[in-house]
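Grab a pencil and work through a few exercises on the structure below. Each one comes with a worked solution, taken step by step.

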Amino acid sequence: MRMRAIADTGAATGHEPDLRHHGDAEVRAADDLTDLAVNVRAGTPPAWLKAEIAASLDGLAAYPDGRAARRAVAARHGLPVDRVLLTSGAAEAFVLLARAVRAQRPVVVHPQFTEPEAALRDAGHTVERVLLTERDGFRLAADAVPSDADLVVVGNPTNPTSVLHPAKTLASLARPGRTLVVDEAFMDAVPGERAALAGRTDLPGLVVLRSLTKTWGLAGLRIGYVLATPDLIADLAAAQPLWPVSSPALAAARACTTPAALAEAAAAAEEIAADRAHLLARLGEFPTLRAVGPAEAPFVLIRLPDAMTVRAGLRARGFAVRRGDTFPGLGPDWLRLAVRDRATTDRLVTALAEVLGAAGS
């Protein structure tokens with residue numbers, strides 16, 4: 001049986017992972033490090049987006065009005081406005097779902113972003129885990145999910161594995177009586193957004209989460225959104241505090257959903273794919289290192305012996321990378337690397353060679 005209850009999962013890695021550890025902890029108060037731990041696109045936000053956000057500051061005396069931003073997001077996905085909810089980043093959406101959805105058997109597919117499970121547990125849910133394995137390339141088979149699971153959470157492409165599950169596989173999980181939550185926070189970094197379910201209205205219980213913080217460098221501003229049925233959107237909105245999204249964040253949402261912005265995001269996705277290919281090729285120079293593939297997101301997951309020591313060695317040489325042992329289903333041999341430009345990758349590879357050479361000496 002592929003699914004394990006939460007109480008049993010720690011046995012896979014020898015400990016219960018810290019679900020509240022995130023990549024920003026690797027670079028906090030360390031300005032001298034090259035950041036490969038956080039998956040926000042480098043060099044962002046762009047100047048035009050900064051200008052849009054700055055222009056919104058003149059209206060800070062008024063309470064935020066999200067109607068125009070909500071319409072813009074709805075138009076971007078070809079949906080009616082009542083299927084859209086703006087949130088303070090995608091992380092808020094997980095909290096709202098945990099509070100608003102009455103699930104008897106919630107299941108989270110791991111390894112993935114840990115905040116959905118943490119939010120569910122905080123709300124009093126007993127969570128079960130479907131643990132995908134390295135042997136299967138961390139790819140999801142629909143029959144791995146219990147048939148009576150009435151809330152299923154899965155990332156696509158998945159953080160930290162960089163696996164892109166086929167849309168057909170995820171669509172097959174949808175059924176009446178089940179809430180299927182697909183976290184598409186990194187989908188706009190996939191060329192053509194293939195495998196996206198955002199915009200679909202034919203799948204019962206489908207909830208898609210999107211974030212504008214990764215591609216546009218807005219992690220400090222907090223802006224994301226939920227796409228779901230009007231009834232669920234209303235329930236989630238009722239669980240939100242008043243004015244949950246600031247006026248600058250609303251301005252960013254409008255700006256990032258224009259045709260020009262979408263074209264820029266599409267071009268960035270192609271650039272990321274090329275830079276990722278270079279990173280994977282360089283990592284292939286190390287015989288003791290294995291990268292999960294095919295990678296489709298702006299990060300890659302690697303496995304190598306004594307990865308925590310390697311992480312410390314890279315840090316001493318100016319590079320912050322994301323530890324993998326805080327993700328359920330992984331362990332201390334895993335690291336996640338954000339995709340950066342080729343020059344940065346080449347510098348990383350030089351540092352990695354030094355660390356591995358020192359470990360082998």
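**Exercise 1: a bridge and the interface around it**

Start with a contact: the side chains of Glu296 and Arg194 meet in a salt bridge, 2.6 Å from N to O. The term needs a side-chain nitrogen of Lys or Arg within 4 Å of a carboxyl oxygen of Asp or Glu. Before going on, note that this is a predicted model, where local features need pLDDT of at least 70, side-chain atom pairs count only at pLDDT 80 or more, and totals for chains, interfaces and linings use all residues. Residues are numbered from 1 along each chain as its sequence is written, and side-chain values use heavy atoms, with hydrogens and water left out.

Task: work out which domains the chain is divided into, and what lies across their interface.

Step 1. Split the chain: domain 1 covers 23–43 + 262–360 and domain 2 covers 47–258, with bounds from an automatic or database domain assignment.

Step 2. Count the salt bridges across the interface of the two domains: the rule finds three.

Step 3. Add the polar contacts: 11 residue pairs across the interface qualify, both residues at pLDDT 80 or more. Here a pair of N or O atoms lies within 3.5 Å; within protein, one must be able to donate a hydrogen and the other to accept it, and residues adjacent in sequence count only if both atoms are side-chain atoms.

Step 4. See which elements supply domain 1's side: α10 (259–283), β11 (299–303) and β13 (334–338) each give two or more residues. Helices (H or I, at least four residues) and strands (E, at least two) are DSSP runs, numbered from the N terminus. α10 gives the most, with seven residues.

**Exercise 2: sizing it up**

Task: find how much area domain 1 and domain 2 bury between them.

Step 1. Take the total: about 2,500 Å², with 63% of it on carbon and sulfur atoms. Buried area is the accessible area (1.4 Å probe) that two parts lose on being put together, summed over both.

Step 2. Pick out the big losers in domain 1: Leu262, Glu296 and Pro328 lose the most area to domain 2, together 26% of what that side buries.

Step 3. Count residues: 28 of domain 1 are in contact (heavy atoms within 4.5 Å) with 35 of domain 2.

**Exercise 3: backbone oddities**

Task: locate the cis peptide bonds joining Asn159 to Pro160 and Gly293 to Pro294, then place Phe138.

Step 1. Recall the background: most residues other than glycine have a negative phi, and most peptide bonds are trans.

Step 2. For Asn159 and Pro160, omega is about 20°; Pro160 lies in the loop between β6 (151–155) and α6 (167–171).

Step 3. For Gly293 and Pro294, omega is about 0°; Pro294 sits in the loop between β10 (290–291) and β11.

Step 4. Phe138 has a positive phi, near 55°, and belongs to the loop between β5 (128–131) and β6.
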